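Reader: I would like a close look at the charged side chains of this model. Please go through how they pair and how far they are exposed.

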Amino acid sequence: MIAAYTMAAAPVYADGHSITLRATANSNENDEDYDGLIVFKNYVEAASNGAINVELFIGTQLCSTGAECLEGVSEGSIDIYISTSGGAAGIFPYVQVLDLPYLMADDRVAEAVLQGDFVREMRDMALETSDDTIRLMTIGNTGGWRNFANTVRPVQTPADMEGLKIRTVVADLPQELVRALGASPTPIPWPELFTSFQTGVVEGSKNGITDIMGMKFPDAGLQYVTLDGHAYMGALWWMNNEQFLGLDEANRRVVMDGFYALQQATFASPKRNSIQAYADFVAGGGNLYVPSPEEKAMFAEAAAPVQDWFRANVDGGDQILDALIAAVGDVEADLAAAYDADLN
């Protein structure tokens, strides 16, 4: 199917050469990252008339950690790489702004924000940090929204989080969030999480439903999910800046349009995949709880100090958080006007 839409015309470059872009994702072919890359590959190869070839490396063939992969992008051995905010935070700490809780209310807000000037602001910051070697191309989605899940009890308000041992990554921001809500952050490597649930080393996590079901966590006792949607699971797509700028203007446009198509695919894929995941979770005896607006406001209030921590402790924190808050405000105003026009 990949080749079905690829045009057979000769490359547009006068000397007949083509460019190969090496793209990697540390995931698998069932992941929305892969869906996005397939769309990107199809579009770019066709729209460039074969002048650009895209090679996909899914898994850890080229690199295995965020730091290692981003170093490869900087050096040019990797052209395109997708990271989570946690995976890139060691080099670009301000990208953790995407993990700050309760700033974006829903998909409609998040998707509009991530198609605007907020991303350009972060791109400029990343170029400066990387000495103009790593370019942020777009931000998509990788797994929907983070929700709190646990093995012990339903969580309806922050008070219900008290004392729960919640798995986090080894990063300060998610640990600050868990503490703010009264729980105990417990850093655990992802491959060890299933066993950690079974043995009680941890009692909860912050994950999307597709990750929960894909890793079969209910079999380890994870039975309670609170749909608080505290953070949008952003996927940051990076490209070697020299490779991008080395393309002629027409093919830079093709690549940017390719990343737009990729972004749209990753916006859609988690929505579709989550339908069956939620159904399977409930069918297996899982408990889903949707907080009321009042209860969600309680979570947001309890988590508010994390924003202050971010401003005080993260280089570039003030700049990028102000940019995100402004972008969300603009989008919410546009949506309010749209609802006024469309609902009457």
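Author: A good place to start is Asp117, which is exposed, because its relative accessible area is 57% and thus over the 50% cut-off. This is a predicted model, and the values below are computed from it. Asp117 forms a salt bridge with Arg120, with 2.8 Å between the closest N and O atoms. Arg120 is partly exposed, since its relative accessible area is 42%. The two residues sit 3 residues apart in helix α5, so about one helical turn separates Arg120 from Asp117. As a general point, side chains of opposite charge can pair when their charged atoms come close.

Helix α5 covers residues 117-129, and the loop between α5 and β4 (134-150) holds Asp132. Asp132 belongs to a negative surface patch, together with Asp124, Glu128 and Asp131. Asp132 counts as exposed because its relative accessibility is 51%, over the cut-off of 50%. A patch takes in residues without a salt bridge, so Asp117, being paired with Arg120, is not eligible for one.

The structure holds 6 salt bridges. One of them joins Lys41 and Glu45, whose side chains meet at 2.8 Å, N to O. Both residues belong to helix α1 (residues 32-47), where they are 4 residues apart, about one turn of the helix. Lys41 counts as buried because its relative accessibility is 15%, under the 20% cut-off. Glu45 also counts as buried, because its relative accessibility is 8%. The Lys41 and Glu45 salt bridge thus has a buried residue at each end, whereas Asp117 is exposed and Arg120 is partly exposed.

Another pair lies in helix α6 (residues 172-180), where Arg179 and Glu176 are 3 residues apart, about one turn of the helix. Arg179 forms a salt bridge with Glu176, and the closest N and O atoms are 3.4 Å apart. Arg179 is partly exposed because its relative accessible area is 44%. Glu176 is also partly exposed, because its relative accessible area is 26%, in between the 20% and 50% cut-offs.

The last case is a network rather than a single pair: salt bridges link Arg311, Asp318 and Asp322.

Methods:
Residues are numbered from 1 along each chain as its sequence is written. This is a predicted model: local features need pLDDT of at least 70, side-chain atom pairs count only at pLDDT 80 or more; totals for chains, interfaces and linings use all residues. Side-chain values use heavy atoms; hydrogens and water are left out. Patches are made of residues with over 30% relative accessible area and no salt bridge: like charges are joined within 9 Å, nonpolar side chains (Val, Leu, Ile, Met, Phe, Trp, Tyr) within 5 Å. Accessible areas come from the Shrake-Rupley method with a 1.4 Å probe; for residues, only the protein chains shown count as cover. A salt bridge is a side-chain nitrogen of Lys or Arg within 4 Å of a carboxyl oxygen of Asp or Glu. Lys and Arg count as positive and Asp and Glu as negative; His and the chain ends are not counted. The place of a charge is taken as NZ of Lys, CZ of Arg, CG of Asp or CD of Glu. Buried means under 20% relative accessible area, exposed over 50%, partly exposed in between (1.4 Å probe, protein chains only).
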